[in-house]
Amino acid sequence: MIDLTAYPRCPLGHFPTPLELMPNLTRHLGGPNIYIKRDDCTGLATGGNKTRKLEFLVAAAIAEGADVLITSGALQSNHVRQTIAAAARVGVHSKVLIQQRVNAPTIDYKYSGNVMLNGLMGGEIAAQLPAGSNMDEALDTLAMDLRRAGRKPFVIPGGGSIPLGVMGYVSCAQELIEQSSKAGFLIDHVVHATGSGGTQAGLVIGMREGGNDARVFGVSVGATAVEQERRVWSLVQETLDYMRLPEPTVDRRDVVASSDYVGDGYGMPSAAMVEAVRLVAETEGILLDPVYSGKAMAGLIDLVRKGRLRRDDNVVFIHTGGTVGLFAYRQVFDPVMHQSHS
Ligand SMILES: *Cc1c(COP(=O)(O)O)cnc(C)c1O
């Protein structure tokens, strides 16, 4: 087991998050036991997976004496929202670069959900850049400008997916191992949404180095499976180097991603996502999100229906948050505009 206590951590969330069975969804699908890890309940301004990453990233920023956190993301980025909240919490400023990633955004997409909360918490949008812009370069330029103006910026790349952030999900894997062993079951599969890759990299490292051989399955929300596995594997290696683990057991084959549930692209609704969000809401009273966890759950449902998971398997779905994004996609779920067929 990796000792994370060696790394400074800024308390920002409510941990451990609950691990619960979803009895009704399990019964409805008639497949494996489906558990849910409630990382949507981290408590930081409606929560989500970036909170764990930010505990390590913000601790590093404070140690460096930073006075402003800068980061980037899509207009409805949950990462941007949680970074702005973390900055407010520790009393520093935040500036963000927004990248246009969704075509023809609705009024709800432009102003509701995360966007509304960002304004409420005093987050400042430094610039909006077109799709395809090099956001890492743009962040470096912004940091230089701020330094020239006498500020002390700390750069958090989009999604917080650098080794410090990845450690947040090593901690999640450690929690999972402890919670499942206390509850008396072995985890066969972990399923979750994968984007900038830090969540999956951390889960894979944390499970393997914790002596657990559950299979981690990342459901891509944008990239092809090949690109996504490459991205996650390179983050795994960077993080192992950073932590200087003597003899890591994690292997390239531990990194498995699928792009079967992306649909028309990042942030674009799919019929399977809408079905998954509705089904989990109606059976469990749990709210997923349209961009990440909804597509990941669509993947899990499809695997169950195709018989790819055994009936006695224990599957843990990581709810990575993003629920407020539902408001930005209100029309997609509007029962008048999109008649349900049941
Ligand atoms: C960022 C995000 C993810 C993806 O996590 P990565 O570490 O970027 O792969 C999944 N779900 C939600 C809700 C997110 O905001």
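Which element gives the largest share of the lining of the largest pocket? In this predicted model, that element is β3, which contributes three residues. The pocket itself is a suitable place to begin.

The volume of the largest pocket is about 810 Å³. Its lining comprises 36 residues, of which Arg101, Gly158, Gly159, Gly195 and Ser196 are the closest to its centre. Two or more lining residues come from each of α2, β3 (68-74), α3 (78-90), α6 (135-148), β7, α8 and α9 (225-243). By class, 22 residues of this lining are polar, nine are nonpolar and five are charged.

The ligand occupies the space of this largest pocket. Around the ligand stand 17 residues, and those that come nearest are Lys50, Lys53, Ser196, Thr199 and Thr320. Within this shell, 12 residues are polar, three are charged and two are nonpolar. At least two shell residues are supplied by each of α2 (50-63), β7 (189-194) and α8 (198-209).

Individual atom pairs may now be considered. A polar atom in the side chain of Lys53 is 2.6 Å from a ligand oxygen atom. For Gly197, a polar backbone atom lies 2.9 Å from an oxygen atom of the ligand. Thr320, by contrast, is paired with a nitrogen atom of the ligand, which is 2.6 Å from an N or O atom of the Thr320 side chain. Taken alone, the ligand would expose 380 Å², and the protein buries 98% of that area.

Terms used
Residues are numbered from 1 along each chain as its sequence is written. This is a predicted model: local features need pLDDT of at least 70, side-chain atom pairs count only at pLDDT 80 or more; totals for chains, interfaces and linings use all residues. Side-chain values use heavy atoms; hydrogens and water are left out. A residue is near a molecule or strand if one of its heavy atoms lies within 4 Å of it. A polar contact is a pair of N or O atoms within 3.5 Å; within protein, one must be able to donate a hydrogen and the other to accept it, and residues adjacent in sequence count only if both atoms are side-chain atoms. Accessible areas come from the Shrake-Rupley method with a 1.4 Å probe; for residues, only the protein chains shown count as cover. On a 1 Å grid over the protein atoms alone, a cavity is a set of points where a 1.4 Å probe fits but cannot get out, and a pocket is an open set with protein on both sides within 12 Å along at least five of seven lines; lining residues have an atom within 4 Å of a point. A molecule sits in a cavity or pocket if more than half of its atoms lie within 2 Å of its grid points. Helices (H or I, at least four residues) and strands (E, at least two) are DSSP runs, numbered from the N terminus. Ala, Val, Leu, Ile, Met, Phe, Trp, Tyr, Cys and Pro count as nonpolar, Asp, Glu, Lys and Arg as charged, and the others, Gly among them, as polar. Grid points are joined across faces, edges and corners, and a volume is the space filled by probe spheres set on the points.
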